[in-house]
Amino acid sequence: MGSARVDWVDTAKGICIIFVVMMHSVLGVEAAAGDTGWMHAVVAFAAPFRMPDFFLISGLFLANVITRDWKLYLDRKVVHFAYFYVLWMTIQFAVKAPVFAGDMGTMGALEFYLLSFIQPFGTLWFIYMLPVFFVVCKLAHDYRVPWQLMLGIGALLQIAPIHTGLLLVDEFASRFVYFYAGYILAPQIFRLADWARERIGVSAAYLLGWGVVNGGLVYFGWAHLPLIALALGAAGAGAIILTSALLVKMGSLGFLRHFGENSIVIYLAFFFPMGVTRVILLKLGILDIGTASLIVTIVACVSPMILYWIIAKTNLGWFLFKRPQWA
């Protein structure tokens with residue numbers, strides 16, 4: 001369980017980043033069109049586990065670095081993500097500035113930009129939250145807070161109806177338990193992946209049962225209820241782990257691993273091709289909403305990888321995805 005890349009972990013990250021891009025793409029198309037399409041059901045099905053699994057995987061390797069001194073830890077786990085947040089928040093804001101200025105005026109747009117340093121901006125809230133989770137886990141470790149207590153507090157926060165309107169508070173309450181579980185239960189999670197590789201039939205049966213239960217609870221509108229949401233988040237994270245382990249075992253869908261290896265590239269840059277493709281397809285008006293949503297999702301996932309490939313070939317623009325030495 002070292003820091004080297006792990007095939008099923010990257011595959012799981014690939015699945016998660018596609019679901020995240022899909023959510024923004026589908027809901028964006030539907031909002032612009034004023035109607036829903038067949039992709040809406042896929043987004044709804046993934047809602048209970050999409051972000052829980054992403055945060056759980058993000059905590060998997062924390063045990064390898066949590067004992068570092070605070071200076072190095074803050075550099076790698078706070079400054080690193082702060083650089084990408086500020087850079088890409090500024091890029092996104094610059095792209096949307098004319099719209100903001102038209103709606104709020106120049107000073108209103110400027111105030112909105114400054115507020116984004118406190119209230120996470122747009123799609124970038126995940127990058128904003130990770131350093132907060134890293135710091136809380138480090139404090140709990142250094143002050144020897146029992147992991148059972150931390151996990152219990154995380155679960156209670158997730159269950160509690162915390163809706164303050166402050167994204168930092170609300171998302172911390174809703175997601176921390178999964179990140180901390182990924183950190184503290186990492187050995188068990190890796191054993192689960194190994195177990196799945198050796199028991200394909202049993203794993204497939206579990207996935208089938210999980211899919212029926214998850215889909216049923218989503219369909220009847222119960223998936224968001226207290227305790228049920230927590231259970232579905234945990235079960236769904238387990239399902240993605242099993243799915244990833246099985247895909248790697250069978251040598252299937254290798255592109256998912258590649259997406260997972262570069263998930264931060266996709267996460268940071270998907271917003272622009274997503275928006276452009278949505279506008280073009282809706283103006284053409286030749287596709288149904290579901291198919292248009294699917295194409296927007298594909299373009300939004302693939303385009304950042306093309307940009308990354310161009311940067312690698314030209315050796316220009318690395319600052320977009322790799323923190324420069326000065327930072």
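In this predicted model, K138 pairs up with D142 in a salt bridge, with the closest N and O atoms 3.6 Å apart. Both residues sit in helix 5 (residues 125-142), and because they are 4 residues apart, about one helical turn separates them. The two partners differ in how much of them shows. K138, at 2% relative accessibility, counts as buried, while D142, at 33%, counts as partly exposed.

A similar look at helix 7 (residues 167-184) turns up R175 and E171, which are 4 residues apart there, about one turn of the helix. Their side chains meet in a salt bridge, at 3.0 Å from N to O. Here R175 has a relative accessibility of 16% and E171 one of 15%; buried means under 20%, so R175 counts as buried and so does E171.

Then there is the pair R5 and D10, whose side chains meet in a salt bridge at 2.6 Å, again from N to O. R5 counts as exposed, since its relative accessibility is 52% and the cut-off for exposed is over 50%. D10, on the other hand, comes in at 3% and counts as buried. Elsewhere, salt bridges join up into a network that links D75, R76 and R323. Across the whole structure, the search finds 6 salt bridges.

Turning from side-chain pairs to helix packing, two packed helices are described by the angle between their axes and the distance between the axes. For helix 1 (residues 7-33) and helix 10 (residues 228-250), that angle is about 120 degrees and the axes lie 8 Å apart. Helix 1 is therefore oblique to helix 10, as the angle falls outside the 65 to 115 degrees that count as roughly perpendicular and is not over 145, where roughly antiparallel begins. The crossing of helix 1 past helix 10 is right-handed.

Which residues make the contact? On the helix 1 side they are D7, W8, T11, A12 and I15, and helix 10 brings in I240, I241, T243, S244, A245, L247 and V248. Sorted by class, the contact of helix 1 with helix 10 comes out as 8 nonpolar, 3 polar and 1 charged residues. D7 of helix 1 is the charged one, as Asp counts as charged. Among the polar residues are T11 of helix 1 and S244 of helix 10, and the nonpolar ones include W8 of helix 1 and L247 of helix 10.

Note on methods. Residues are numbered from 1 along each chain as its sequence is written. This is a predicted model: local features need pLDDT of at least 70, side-chain atom pairs count only at pLDDT 80 or more; totals for chains, interfaces and linings use all residues. Side-chain values use heavy atoms; hydrogens and water are left out. A salt bridge is a side-chain nitrogen of Lys or Arg within 4 Å of a carboxyl oxygen of Asp or Glu. Buried means under 20% relative accessible area, exposed over 50%, partly exposed in between (1.4 Å probe, protein chains only). Helices (H or I, at least four residues) and strands (E, at least two) are DSSP runs, numbered from the N terminus. Axes are lines fitted to C-alpha atoms, for helices over the stretch in contact, and angles run from 0 to 180 degrees between N-to-C directions. Angles under 35 degrees count as roughly parallel, over 145 as roughly antiparallel, 65 to 115 as roughly perpendicular and the rest as oblique. A crossing is left-handed if the near helix is turned anticlockwise from the far one by less than a right angle, and right-handed if clockwise. Contact means heavy atoms within 4.5 Å.
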